[in-house]
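Dear colleague,

I am handing over the structure below, and I would be glad if you could keep it open while you read the notes that come after it.

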Amino acid sequence: MSTYYYSHPDCLDHVTPYGHPEQVARLKAIATALSDASFESLIRCEAPLADEDDLLLCHPQSYIDRITGAVPLSGSVPLDADTHMSPGSLKAALRAVGGTIAAVDSVVDGSAANAFVGCRPPGHHAEAETPMGFCLFGNVAIAAKHAVQRRGLSRVAVVDFDVHHGNGTQDLLWEEARTLFITSQQMPLWPGTGDPSERGAHDNVINIPLAPGTGGVEMRRAYEGRVFPALEEFRPELILVSAGFDAHRDDPLASLNWETEDFAWLTRRLCDIAADCCDGRVVSTLEGGYDLTALGQSVAAHVKVLMERGG
Ligand SMILES: [Zn+2]
């Protein structure tokens with residue numbers, strides 16, 4: 001058993017306007033960090049393209065047609081103030097969805113112990129009919145629905161530690177009783193949702209707001225107090241992780257103060273619970289993280305733990 005790493009060169013062809021934080025260089029920083037000799041045993045896989053049936057797990061046909069039809073021939077088109085498409089964006093987005101689904105399959109089938117998906121654009125802000133916050137399709141929510149609807153799992157947890165609220169994942173999984181979505185986020189911060197009163201149609205959403213300035217000690221207390229007990233009670237058959245690294249103290253888009261080691265700690269604890277509940281099945285997928293140095297180091301720390309636990 002081993003750790004699989006899904007990515008694809010097409011994800012470098014999603015080109016955002018100059019100065020945009022969600023930039024091609026993010027994936028290059030990750031590739032550089034994971035090129036170290038200590039990652040030699042990481043199994044590198046090409047993220048396949050998702051097809052329309054995959055997208056339909058979470059998005060209506062009219063939305064898929066709208067995004068498909070928005071691809072420009074050159075340059076870049078804005079879908080909103082933050083979210084843009086270039087000629088390569090659709091293919092990149094389909095790799096991000098397809099890679100996350102393939103990672104779920106490899107872990108559910110038992111060929112991989114766990115997996116990390118290093119694709120972009122990210123997905124946790126995309127709602128059923130609204131692209132938002134650099135995201136086009138709900139990568140992790142689609143993978144969660146794939147796991148329950150097509151692979152027959154009864155309990156799938158999604159843990160989102162990105163600094164921003166995973167409003168899209170919350171929207172897409174709101175009615176899905178077989179999933180538990182747990183998300184921590186800085187509040188107040190864009191997009192403004194994520195109050196603890198938002199609990200899902202089946203009490204299947206848990207929102208954990210963190211005050212600006214929250215560091216590793218308080219984060220660990222919040223996760224030990226709320227996240228891990230809820231996960232242990234739910235006893236997931238698979239844990240999906242929306243891995244955003246923008247809670248790092250060096251990140252330019254937010255003001256939490258987590259250190260690289262905090263991401264390693266969090267990964268270790270999630271792997272502990274997965275080992276106890278579901279043979280260690282963890283699929284983690286990249287969301288945010290905009291300081292290139294912090295991103296590379298944090299992803300490396302995260303993947304290193306997955307590899308240690310994946311054997
Ligand atoms: Zn974020």
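What follows describes a metal site and two helix pairs.

Please bear in mind that this is a predicted model. The zinc ion has its protein donors in Asp-162, which is listed twice through OD, His-164 through ND1 and Asp-246 through OD, lying 2.0 to 2.8 Å from the ion. The angles among the four donor atoms run from 52 to 155°, and the site is irregular. Along the sequence, the donor residues follow the spacing D-x1-H-x81-D. Because His-164 sits in the loop between β6 (156–160) and α6 (167–173), while Asp-246 sits in the loop between β9 (238–243) and α8, the pair ties together parts that are 82 residues apart in sequence.

Turning to the helices, α7 (residues 216–234) packs with α8 (residues 260–278) at an angle of about 15°, the axes being 11 Å apart, which makes α7 roughly parallel to α8. The crossing of these two helices is right-handed, and the residues in contact include Met-219, Tyr-223 and Phe-228 of α7 and Trp-265, Leu-266 and Ile-273 of α8. The residues of this contact comprise eight nonpolar, one polar and six charged.

Helices α4 (residues 89–109) and α5 (residues 139–150) pack at an angle of about 40° with their axes 9 Å apart, and α4 is therefore oblique to α5. Their crossing is right-handed, and among the residues that make the contact are Ala-93, Val-97 and Ile-101 of α4 and Val-140, Ala-143 and His-146 of α5. This contact divides into nine nonpolar, three polar and two charged residues.

With best regards

Terms used:
Residues are numbered from 1 along each chain as its sequence is written. This is a predicted model: local features need pLDDT of at least 70, side-chain atom pairs count only at pLDDT 80 or more; totals for chains, interfaces and linings use all residues. Side-chain values use heavy atoms; hydrogens and water are left out. Axes are lines fitted to C-alpha atoms, for helices over the stretch in contact, and angles run from 0 to 180 degrees between N-to-C directions. Helices (H or I, at least four residues) and strands (E, at least two) are DSSP runs, numbered from the N terminus. Angles under 35 degrees count as roughly parallel, over 145 as roughly antiparallel, 65 to 115 as roughly perpendicular and the rest as oblique. A crossing is left-handed if the near helix is turned anticlockwise from the far one by less than a right angle, and right-handed if clockwise. Contact means heavy atoms within 4.5 Å. Ala, Val, Leu, Ile, Met, Phe, Trp, Tyr, Cys and Pro count as nonpolar, Asp, Glu, Lys and Arg as charged, and the others, Gly among them, as polar. Donors are N, O and S atoms within 2.8 Å of the metal (3.2 Å for Na, K and Ca); water is not among the atoms, so sites may look incomplete. Four donors count as tetrahedral if all angles lie between 85 and 135 degrees; four count as square planar and six as octahedral if opposite donors are over 155 degrees apart and all others between 65 and 115; anything else is irregular.
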